[in-house]
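Hello,

Here is the structure I said I would pass on. My notes on it follow below.

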Amino acid sequence: MRLSKLARRGWLLLFVGLAAFYLWGLNALPLVGPDEPLYSEVAREMFVRRDFVSTTLGGYPWFEKPSLLYWMMMAGYQVFGVGEYGARIGPALSGLLSGVFVYWVGRTIEKAGTVPSSTEQAEPARDGLARWSALVWLTSLGALVFSRGASFDIVVTMALTGTLSCFFVWYVRYRTRSGSDGIQDVSSESRAHLPLIGFYVFVGVSLLAKGLIGIVLPFGIIAVYFLLRRERPPRILIKSLLWGIPVALVVAGLWYGPMIYRHGWKFIDEFFIQHHFARYLSNKYHHPEPFYFYGPVLVAFSIPWTVFLAAAFISARRWRWRGQTAIDRLRVFALVWIIVPIAFFSLSGSKLTAYILPVLPAAALLIGDRLTRLFDETRGLVLIRLTGLFLISLAIFGGWHLGRDYPVKASIVIAAGAPLLVAGLFALLQPQMRRAVLLVIPICLLITSALALKCAGPILGKPESVRDLLNAASARGYGATPVVQMHTLERTAEFYAAGRMSYGSRGEPIKLEGGAQVIDAARRNGGVVLCFVPLEYMPQLTESPNIETEMIGDNTRAALLLIRLK
């Protein structure tokens, strides 16, 4: 069914609004947590040196991550200045670009679904699969959260989504049905090779985004896909390895080559051995979690579409696992795209929430497929009602948790939760209005997100950053004063106090252990330093007879004091 002109404009307006939301308010919150300020500072140092190769932290070599995010941040700094917006614009655009890839895959299925088969009835055209899948991705909690953070996770998600989308689009086109022989070999057409070339280019980009998983996961997913369908990979795909792997290595070599040339074994050991193999095989970096850890994570990432994802998994028992239509292939491919990374990281000794973010685009495609089937069925009202109950519960529990554990006003909690309650009640009471309900849900989620970001974000972000404390110190004339830390490591100071902190030989900020060490640091820096200290340890400094202290402020966890020798 073709959309009316008004409907097309409505969808266009919706996606323009989503893009605007992704790019809005990226500087509303300070850099928070241990990673955002660290990565932003590495990029800032590269930007200041005009060095696109060597990654440093505090002037010392820092080889934990590859370069793609840093390059994005450097471009952001060049356009928007050194700050939160410049650091986060690259990840935000990565989230949007992932949505473009999801749309591309869905649109390919829509077109292929109309092609008849000589051996079996073709799947009905999947009208709307591209639009709904892209909408699901762009409004899923995982995409919304990580697209607003200066971290590698959404960048590698974009790169892997590009990789797997290029492969699948090429494969569907290669296997497009036509004529009496059932298979149309389009390999001789020059344009047919472009997605396959793109596949290898994006393998190289994935290597630049997060290291070796950029090659392990795509080839692992493709291999398991062929095994599950009991198919042989096309000969042209196998032959493409001869030129494709060199293409991927050339792309990745833009950074890995100069890094190995400059830093040799030190880079190889720290980057590959320590931060790839040791991180995966051991708990060296202290991120242990149970084997089932990623199940609840996937549930959270897929909010507000979790019920439909569960329904898609349940419906797998009715799939034609070896069917020849494009939608049959997509279902199996998307499921494998979800299972392989989750299984891979579940076996790791080190588990972090964001490791499985790259499976969310595949989940969006499965959910989009489930939604388009919902429109063609008389059933499905139960799923919409369950989603309504889920959203109501989420609004109530989330509001209760926010009001109990954080100093957020009740009016803010109610205002932020109200749109979710409205969407939940609409789904619960009017499930027969399928399309309207499924459009209201993401719109209400965006309203809730915008209100939470604008009103509750600064309150929640205050304890997680020292930006405001350092700004207050600068307003008092201490903008160039050296910064030390006692009994704490405030990681956000690495960015906001750049050039004023002391680092050890391994590139880690120095943590002082007691008032005597703070006094020594002040003596080495002309008698005056700024010192971060946990509130409970403040008396060690304020009651010392050898120094004068001036309270700059606190963020509810740590205080910033001016230390001056008497």
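**Arginine 331 and the charged pairs**

Arginine 331 sits in helix H13 (residues 326–346). Please keep in mind throughout that this is a predicted model. With a relative accessible area of 7%, arginine 331 falls under the 20% limit and is therefore buried. Its C-alpha lies 53 Å from that of glutamine 485, and the two residues are 154 apart in sequence.

In the whole structure, the search gives 20 salt bridges. One of them is between glutamate 64 and arginine 279, with 3.4 Å between the closest N and O atoms. This pair links distant parts of the chain, 215 residues apart: glutamate 64 is in the loop between strand E2 (60–61) and helix H3 (68–80), while arginine 279 belongs to helix H10 (residues 235–281). Arginine 279 is buried, at a relative accessible area of 12%.

Glutamate 231 and arginine 229 form another salt bridge, where the closest N and O atoms are 2.6 Å apart. Both glutamate 231 and arginine 229 are buried.

A further salt bridge joins arginine 491 to glutamate 508, the closest N and O atoms being 3.4 Å apart. Here too distant parts of the chain are linked, 17 residues apart: arginine 491 lies in the loop between E3 and helix H19 (493–496), and glutamate 508 in the loop between H19 and helix H20 (515–524). Arginine 491 has a relative accessible area of 18% and is buried, whereas glutamate 508, at 35%, is partly exposed. Arg320, Asp328, Arg331 and Asp369 are joined into one network by salt bridges that share partners.

**Cores and a covered helix**

The largest nonpolar core has 156 residues, and those with the most contacts inside it are Phe167, Tyr256, Phe308, Phe333, Ile356 and Leu438. Helix H7 (residues 153–174) gives the most to this core, contributing 15 residues. Leaving aside residues up to four places away in sequence, tyrosine 256 touches Pro66, Leu207, Leu208, Gly211, Phe267, Phe271 and Phe272. There is also a second, separate core of 16 residues, including Val484, Val518, Ile519 and Ala559.

Helix H5 (residues 129–139) is mostly covered, with eleven of its eleven residues buried. Among them are Arg131, Trp132, Ser133, Trp137 and Thr139.

**The four-stranded sheet**

Four strands make up an open sheet with mixed pairing, in the order E3-E4-E6-E5. Strand E3 (483–485) and strand E5 (547–554) are at the edges; each has a single partner strand, so one side of each is without a neighbour in the sheet. On average, and ignoring direction, neighbouring strands of this sheet are turned by 30° against each other.

E5 runs antiparallel to strand E6 (residues 558–565), and seven bridges join the two. Aspartate 554 has alanine 559 in E6 as its bridge partner. Alanine 559 also appears in the second core, together with Val484.

Helix H18 (residues 467–475) lies across E3, strand E4 (528–534), E5 and E6. Relative to E5, H18 runs at about 125°.

Regards

Note on methods. Residues numbered from 1 in each chain as written. Predicted model: local features only at pLDDT ≥ 70, side-chain atom pairs only at ≥ 80, totals over all residues. Heavy atoms only, no water. Pairing = 2+ DSSP bridges. Axes fitted to C-alpha atoms, helices over the stretch in contact; angles between N-to-C directions. Contact = heavy atoms within 4.5 Å. Salt bridge = Lys/Arg side-chain N within 4 Å of Asp/Glu carboxyl O. Buried < 20%, exposed > 50% of the residue type's maximum accessible area, 1.4 Å probe, protein only. Core = buried A, V, L, I, M, F, W, Y, C linked by side-chain atoms within 4.5 Å.
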